[in-house]
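Colleague: I am new to this structure and would be grateful for a close look at a single part of it. Please take one element and describe its surroundings in a connected account.

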Amino acid sequence: MRLRVETTIAAPPEAVWAHLEDIATHTEWMADAVAIDFLTAQHRGAGVRFACRTRVGPLSTTDLMEITEWSPPSLMGVRHTGAVSGEGSFELTAAGPAGESTRMVWLETLRLPWWLGGRLGSLPARPVLQSIWRGNLARLKARVEYGAGP
């Protein structure tokens, strides 16, 4: 299942990155992320591993993740290795005439386990996840533009 959601945030990429790089606070703007427990002493950069407890409606799982790409302020890549597997990324690019805004794209390629329907489960999951992640980006946008967090 491939997913893509995006938004434009009225702040430069460096300001958006300041919120993204603090992985521990992702639960504050991601409605589906319940808790993050780091599995490495390092909390920033490539190689960071963590367990993210996620919940979508009555369904929950622990998503094991590893940061695979870390290129401030433009790219954070992740590998999912728990029950849900796959790859994802946050891509930030300067937007606007003077680069005063950021175009943020969230890409995911995920494989659901058999108990979530596998490939067939992707059909109903896609619109649900896209809706949740659009909301997540709207909350991140509000945090960055209105000064909550870093």
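Modeller: Strand 1 (2-9), helix 1 (13-20), strand 3 and strand 7 are among what covers the buried residues of helix 2 in this predicted model. Those buried residues run through the helix from Gly 118 and Gly 121 to Arg 143 and Val 144, and they include Ser 122, Ala 125, Leu 129, Gln 130, Trp 133, Asn 136, Leu 137 and Leu 140.

The length of helix 2 can be checked against its residue count. At 1.5 Å a residue, its 29 residues should span 42 Å, and the end C-alpha atoms are 39 Å apart, which agrees. Helix 2 nevertheless has a bend of about 45° at Ala 125, a residue that is itself buried. A proline, Pro 127, follows Ala 125 within four residues. After helix 2 comes Gly 147, with a positive phi near 85°.

Helix 2 (118-146) also takes part in the largest pocket, supplying at least two residues of its lining, as do strand 2 (33-38), strand 3 (49-56), strand 4 (59-71), strand 5 (75-81), strand 6 (85-95) and strand 7 (101-111). Strand 4 gives the largest share of this lining, 6 residues. The pocket holds about 640 Å³ of space and is lined by 37 residues. Of these, Leu 129 and Trp 133 lie nearest its centre together with Asp 32, Thr 54 and Asp 63; Leu 129 and Trp 133 are also among the buried residues of helix 2. By kind, the lining divides into 24 nonpolar, 9 polar and 4 charged residues.

How values were computed:
Residues numbered from 1 in each chain as written. Predicted model: local features only at pLDDT ≥ 70, side-chain atom pairs only at ≥ 80, totals over all residues. Heavy atoms only, no water. 1 Å grid on protein atoms, 1.4 Å probe; cavity = no way out; pocket = protein on both sides within 12 Å on 5 of 7 lines; lining within 4 Å. Points joined across faces, edges and corners; volume = space filled by probe spheres on them. Nonpolar A, V, L, I, M, F, W, Y, C, P; charged D, E, K, R; others polar. Expected span 1.5 Å × (residues − 1). Bend = angle between axes of the 7 residues up to and from the residue. Buried < 20%, exposed > 50% of the residue type's maximum accessible area, 1.4 Å probe, protein only. Contact = heavy atoms within 4.5 Å.
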